[in-house]
Amino acid sequence: MSTPTGPASGLPVRMPRPRQPGRHRRPEPLVAPEDAPALVLAVPGTPSSATRSLADEVVSIARSELPGLDARIGHLDGGDEEFPSLTSILAHAAEERTARYEQARAAGSDVREPDGPVAVVVPLLAGPDSALLRQVRQAVMDSRVAAELTDVLGPHPLLAEALHVRLSEAGLARADRARLFTVATAADGIILASVGGDEAVQAAGITGMLLAARLAVPVMAAALDQEGSISSVAEQLRNAGSQQLALAPYLIGPEIDASLVEEAAKEADCPASEPLGPYPAIGKLALAKYTTALGIAPQQPQSTPAR
């Protein structure tokens, strides 16, 4: 039996933890709004099990950051049940939204007719590629669905962090400049390899400056899809004093044939790191594009500063 001052047994009472006041208060967890548009990841390149696995991991990261998120995957070159096309995924999302509305009306619920975009399409691209983006826009038009298309993921400090990690995994950069050990194979000049022509090279150059600040070595962007671009940048770096070069693909992975990176590394006569792949930052950036398009304001993803 309890008394006005507490339980009669004298057992301790577990009181709710007071909410921390002020600017250091922990933010409330964000949840996807009810009936929010789907996040549809537009995946370029030839569909494969590896590509699907990568995309699955990216959307899994996005879902973990925003509970309740409806995240889907559409392949630009897909067209079957295993690898559905972007057009079919958008059309299916629209059909499902209409069906939910009609079911709610049939059940007697007082619901508004759905309006606004059915989906927010996020291209799985680190940098601009006009040919691939035209393909995304055409797929959205073909679906005849109201969908909003976001920008590509970069440039962004998180992509510089991801590039740093991939280089360190390949033994081509120190993971932490403050540690008192050296990496014998560490590069003293980085070629940042992009696809998408001059526009992509310029965008990669912005992330390249952030990477250079992290590594304290020169970084120059070059185009994998422009003949002579890789060798020209390699020559510039060597003329500037760099002796051990490394090639860092400024790519998620699916957008090009992996052999292009191998050929570029041979052209520059240097080793290469892996593409960005399903690095956690990719999922966070995809979600940030989605939430920005909807006007939701979760905490922006931050990169880990170089030490």
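This report looks at one helix pair and at the salt bridges of the structure above.

The model is predicted, so local features need pLDDT of at least 70 and side-chain atom pairs count only at pLDDT 80 or more, while totals for chains, interfaces and linings use all residues. Residues are numbered from 1 along each chain as its sequence is written, and side-chain values use heavy atoms, leaving out hydrogens and water.

**Two helices**

Let's start with helix H2 (residues 86-106) and helix H3 (residues 130-143), whose axes lie 8 Å apart at an angle of about 40 degrees. Helices here are DSSP runs of H or I with at least four residues, and strands are runs of E with at least two. Axes are lines fitted to C-alpha atoms, for helices over the stretch in contact, and angles run from 0 to 180 degrees between N-to-C directions. In H2, Leu-86, Thr-87, Leu-90 and Ala-91 are in contact (heavy atoms within 4.5 Å) with Val-136, Ala-139, Val-140, Asp-142 and Ser-143 in H3.

**Salt bridges**

Next come the salt bridges, of which the structure holds four. The term means a side-chain nitrogen of Lys or Arg within 4 Å of a carboxyl oxygen of Asp or Glu. Three of them are listed here.

| Pair | Closest N to O |
|---|---|
| Arg-72 and Asp-70 | 3.0 Å |
| Glu-96 and Arg-72 | 2.6 Å |
| Glu-169 and Arg-166 | 3.0 Å |

Glu-169 and Arg-166 sit three residues apart in helix H4 (residues 157-169), so about one helical turn separates them. Glu-169 is exposed at 53% relative accessibility, whereas Arg-166 is buried at 13%; buried means under 20% relative accessible area, exposed over 50%, and partly exposed in between (1.4 Å probe, protein chains only). Elsewhere, shared partners join Asp-70, Arg-72 and Glu-96 into one salt-bridge network.
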